[in-house]
Amino acid sequence: MVAPLLVAPLLLLFAIFFVVPFIEIMRISFSGQGGALAGATWLMSSSLFAVIFVNTLKLALTVTLICLGLGYPAACFIAGQPASQRGIYLALVLLPFWTSVLVRTYTWALVLGREGLLNASLIWLGLADEPQRFMFTPLAVHLGMVQILLPVAILTLVGVMTELDPGLTRAARVLGASPWRAFWHVYLPMTKPGIVAAAMLLFILSLGFYITPALLGGPRHRTIANLIDLQVHQMNDWTSASAMALVLLATTIVAVVLLRWLVPDRNLHGGAR
Amino acid sequence: MTNMTRRDMGRLALGGAALAAMGKSAHAQAVTITVNGSGGSLAKSLERIYEKPFTAETGIGVRSTAPVSLPKLKAMVETGNMEWDLTEMGGADMIEAIKNGWLTEIDWSIVDPDNKLPPIARQKYGMVTSTFSTVIAYRTDKFGGKAPKSWADFWDVKSFPGPRALQDSPVQNLEFALLADGVPADKLYPLDVERAFKKLDQIKGNVAAWWTTGAQQVQLLVDGEAVMGTVWNGRVPPLKKEGKPVDIIWNGGALQLSYWAVPKGAKHPREAMLYMKSRLDPDKGAQLLQDSPYPGFAPGLIEKVNPELAKTLPIHPDNVAVQYRFDPDYWSEHRQKLTERWAAWLLT
Amino acid sequence: MSPRLVRFGLGLWFCAIVLFLLFPLVFLIPLSFNESEILSFPPTVWSLRWYRVLFLDASWSNALWLSVKIGVLVTILSLVIGTASALAIVRHRLPGASLLYGLSIAPLIVPSIVIALGMFMLFARLQWLESLTTLVFAHTVVAVPYVIVVVSAALRNLDETIERAARVLGADPWRTFLLVTLPALRPAILAGAMFAFFASFDDLVITLFVSGAMETLPLRIWNDLNLRLDPTVAAASCVMVAMSMIGLGIAEFARSAGLRRLRMENTDG
């Protein structure tokens, strides 16, 4: 009874500010020059799209995994602190957010440049004889994206970990499980919903990344979002741009469904605890 | 009905804000025009030099918006809700807009009644507001005292070793490649695309960075990411003054024009054109040049500028002589196909 | 491996992560005090030039203020709408809950340039452009998914039996939510609030199309970026970080002072 009331504001908001604009753009894309299927035809025939699409998926996947790997232990640490102190640690993780993504990306350029800090240190330490190229490499893109998305991973994980009953892990230890076994068989499975939520969020966000790949990766490491922007701004071709947006949307939906299928969620499917 | 009220209320609020901003010198403002430009740090100079005096003189308020965007213009024309009364536009965008019928004809009896502008600045749908050049910039400390002189030197990585930077766009880069390959500046168009890409293949491995924003161009040089690259002419002089080891060469630069245009459906075209007229004042133009070395063709402007500064302007006769004239017509027609080819070429 | 060793290892790891996250910020401080027109490192001449610009140039301070204002409004809206939806999706077994969840995160997937263009076309026709309300709602669309994702993950993990127990013991749904569910969700809601705020605070593309002449901080930076990256940006970032740290310090001080008083009262009494 209450449920429809609870979602009503969301549906109203999305109807006006998301669905209708989205339909508007689709309408335009299908009524563009070259007929309703011009966009689709371009997608099918363009090798450019295929290559960039695969690159984008790969990038999103690696960034997601790196963020989870780096973020999980950090989240464990925060969740293990007394509740009164967690706020401080979370705030530390969130500090970078106060700086615009644009600015953070530019500062990476100063670090990674040929005469940047990293190269200077490498040469000073004798690890390199001449400046290495770090800018406009996959490394630069990954660094920039991980720096931006890592707080998202940590925050999402902490949100779930702090609600766990620490008694369960302790019980396992008391009953003689090694720390590793207690972690692997009790703690990790309990945090699964958090991992799934974080993975999904990270993957989705990485798919749509725009500024960081453009500034740190350059045109040789374009993502779909960069290509859409190129279509709209340089090529004046909204038809293909909307077609690509649709493909991106479909990909994400497939990814979300796949993840839900791989890691079934107890509550959503009505399973009892 | 509700629509009307909302619009009226919006106007009222806008007027109120403008009045509040004007403080005590509140003029009875009949109209406020919306002028769309590139914004940023230049907006303040423009306000001081042109907009405030214009309002004081005519009673017409000026509200400036940014940035210049062709997709936005297209969307505004197609929905029949034109926010801008006047907008800045690049050459190729201009032609695209004319082709699609997004602009209003300029009434030259308002803007330039005495016919003082040179014909190049007086076009059917636009007035040249400024000129700028894409030129080679290089690090003066990297070649042992030698200085590159031409596009051939840009391609010559043996005599001038080090990474290069180019814009991420086929526009102009194809021309530069052809110039490097020995095509004379007046025989560039129509471009020999195959030959240009073949020449670009030679330099591709040495291009460390493909820039996309104006902020990047010099940043790349200063960071040492590239020792030679393309920049807009106005970016380098302030850095040179600061003592940074950078300089530009005019030879083989791309001389380009940007325009003022009145979009179709603009609500106050007459007032917008009056404002265009005010932009032709040579004294004010000379003031603006202090902050932004991109001169227009305001009659008498060059005479007002000190010779030292004049030498750094794209339209100084010495500089014009060595540059080529960029052809926006060609690019308006071929940009879409060539951009796609360019993007694919970069991936291989 | 003793638990203490594990805890020490985790602490070390956490420090490394924070260092990595703060790395670019450490650079911004010297950059913001550098006289040069361009971001360069190390600084040559120190000056307060860019801080002067930030505080004296109304276009910067207005942009900063507008961004904060919009961010706060968006956060409040997103929390209310998002938490309510998460409850409906997870707790109330709504038919098509999976679908609804999919829809609710869709705005994160569709590249913002596409949403932005769509919004622009629609709002241009409705004459909704250039209003604070429109901008706040537009940002809420991309902010609310964060709240939904984080809060519903927490809800799924929350033991429902406690809520049921409260209901059985006679609490009405609203009281159950306020006294049982909400306190348990606090960390997740806080996280969601942070995400929502920054989703708005850092949004560029949607603002670019919807805001008309209103200039938020990212837009101010972007409009400059076409010509140059002004070190004012570095100064603005430093001010923001400093402000958030001071706020944090005050909150922490107030909290510990409160604790101490509580403890003292306890011992006195």
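Among contacts in chain C between residues at least 6 apart in sequence, what percentage join residues at least 24 apart? In this predicted model, the share is 75%. Chain C comprises 11 helices and 0 strands, so that its pattern, read along the sequence, is α-α-α-α-α-α-α-α-α-α-α, and of its 269 residues 49% count as buried.

**Phe209 of chain C**

Phe209(C) lies in helix H9 of chain C, which covers residues 205–210. Is Phe209(C) buried or exposed? With 24 other C-beta atoms within 10 Å, Phe209(C) is buried, because the threshold for that class is 20 or more. Leaving aside neighbours within four places in sequence, Phe209(C) is in contact with Ala116(C), Leu117(C), Met119(C) and Phe120(C), and also with Lys72(B). Phe209(C) and Asn62(C), by comparison, are separated by 147 residues in sequence and by 19 Å in space, taken from C-alpha to C-alpha.

**The largest nonpolar core**

Two of the residues in contact with Phe209(C), namely Ala116(C) and Met119(C), reappear with Leu149(A) and Leu202(A) as the residues with the most contacts inside the largest nonpolar core, which has 267 residues. Helix H7 of chain A, residues 138–161, gives the most to this core, with 16 residues. The core also draws at least three residues from each of domain 1 and domain 2 of chain B. Once neighbours within four places in sequence are set aside, Leu202(A) is in contact with Leu149(A), Val152(A) and Ala153(A), as well as with Val63(A), Thr64(A) and Cys67(A).

**The two domains of chain B**

Chain B is divided into domain 1 (2–129 + 259–310) and domain 2 (132–256 + 315–347), and the C-alpha centres of these domains lie 31 Å apart. The contact between them takes 11 residues from domain 1 of chain B and 14 residues from domain 2 of chain B. On the side of domain 1 of chain B that touches domain 2 of chain B, helix H4 of chain B (residues 91–99) gives the most, with 6 residues, and the residues of that side divide into 7 nonpolar, 2 polar and 2 charged.

**Strand E1 and helix H12 of chain B**

Strand E1 of chain B, residues 32–36, has 4 of its 5 residues buried, and it is therefore largely enclosed by the rest of the structure. The table sets out its pairing with two other strands of chain B.

| Partner of E1(B) | Sense | Bridges | Opposed residues |
|---|---|---|---|
| E2(B), residues 61–65 | parallel | 5 bridges | Ile33(B) and Val62(B) |
| E3(B), residues 86–90 | parallel | 2 bridges | Val35(B) and Leu86(B) |

As a general point, the side chains of a regular strand alternate between the two faces of the sheet.

Helix H12 of chain B, residues 282–291, has as its buried residues Lys284(B), Gly285(B), Ala286(B), Leu288(B) and Leu289(B). What covers these buried residues of H12(B) includes helix H2 (42–58), helix H13 (301–304) and helix H14 (307–310) of chain B. In an α-helix, with 3.6 residues a turn, residues three or four places apart point the same way.

How values were computed: Residues are numbered from 1 along each chain as its sequence is written. Chains are lettered from A and ligands numbered from 1 in the order in which they are written. This is a predicted model: local features need pLDDT of at least 70, side-chain atom pairs count only at pLDDT 80 or more; totals for chains, interfaces and linings use all residues. A residue is buried if 20 or more other C-beta atoms lie within 10 Å of its own, exposed if 12 or fewer, and partly exposed in between; C-beta atoms are placed from the backbone. Two strands pair if DSSP finds at least two bridges between them. A nonpolar core is a set of buried Ala, Val, Leu, Ile, Met, Phe, Trp, Tyr and Cys residues joined through C-beta atoms within 7 Å. Domain bounds come from an automatic or database domain assignment. Two residues are in contact if their C-beta atoms, placed from the backbone, lie within 7 Å. Ala, Val, Leu, Ile, Met, Phe, Trp, Tyr, Cys and Pro count as nonpolar, Asp, Glu, Lys and Arg as charged, and the others, Gly among them, as polar.
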